[in-house]
Amino acid sequence: MKIKLQLMQGAAALIAIFALGALASPTTAFSQSNQSSQNTQSCQGPTGSWRYSVPQVGAPAIQGVDTYSGDGGYATADVIGGLFQTTGIGSWACTGHNTWVLTFFTFNYDPTSGALLGTLEYLQTAKLGPDGNTFTGSGSFEYYDATGSGVGSGSYTITATRIIAGSPLPAHL
């Protein structure tokens, strides 16, 4: 029961993490790769690595890192309230001038037994800042238990700073 409570608290925190909203369904979003070249030509996009922050009510902000590949792949890592989860994996695509949509998911496990507890699925939209080295966004998430039943959902905002090769890492966001 304690693990389930931690999982739900973690899910609420994850709400704040990421999720790009604009895709019609998680299934479509997970199977989608980068959109047509005409959208990507007008979008500088988020290609590269980022340090991000997702504020939470009554708790420290979630801090994490993510990487967007040029072909639409996505990976993220963070710690949310002690939640034992896998690296987040997903896909992103440009939606307009320096804007994009992102869909990704993580598996969540019982830290003692290793049993699958559920999945978190995110849908997020974001916009590159004028300097090209920051972005802001918002999203929603859904938490599904191991049987696939929806047990929680939420929304969040995110800010990020690009990690630039050869430069000091951003100390904070």
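Two strands pair if DSSP finds at least two bridges between them. That rule underlies each view of this predicted model.

**View 1. Strands β5 and β6 pair side by side in the antiparallel sense.** Strand β6 covers residues 116-128. Eleven bridges link β5 to β6. Tyr-109 has Leu-116 as its bridge partner in β6. Phe-107 stands opposite Thr-119, also in β6.

**View 2. A turn connects β5 and β6 in a hairpin.** Six residues lie between the two strands. Gly-114 sits in this turn. Its phi is positive, about 80°.

**View 3. Strands β4 and β5 run antiparallel.** Strand β4 spans residues 88-96, and β5 spans residues 99-109. Seven bridges join β4 to β5. Cys-94 is matched with Trp-100, its bridge partner in β5.

**View 4. A turn of two residues closes the β4-β5 hairpin.** Asn-98 is in the turn. The phi of Asn-98 is positive, at about 60°.

**View 5. Eight strands make a closed barrel.** The order is β1-β2-β3-β4-β5-β6-β7-β8, with antiparallel pairing. Neighbouring strands of this sheet are turned by 30° against each other on average, direction ignored. The hairpins of the earlier views, β4 with β5 and β5 with β6, belong to strands in this barrel. In a regular strand, side chains alternate between the two faces of the sheet.

Definitions and conventions
Residues are numbered from 1 along each chain as its sequence is written. This is a predicted model: local features need pLDDT of at least 70, side-chain atom pairs count only at pLDDT 80 or more; totals for chains, interfaces and linings use all residues. Side-chain values use heavy atoms; hydrogens and water are left out. Helices (H or I, at least four residues) and strands (E, at least two) are DSSP runs, numbered from the N terminus. Axes are lines fitted to C-alpha atoms, for helices over the stretch in contact, and angles run from 0 to 180 degrees between N-to-C directions.
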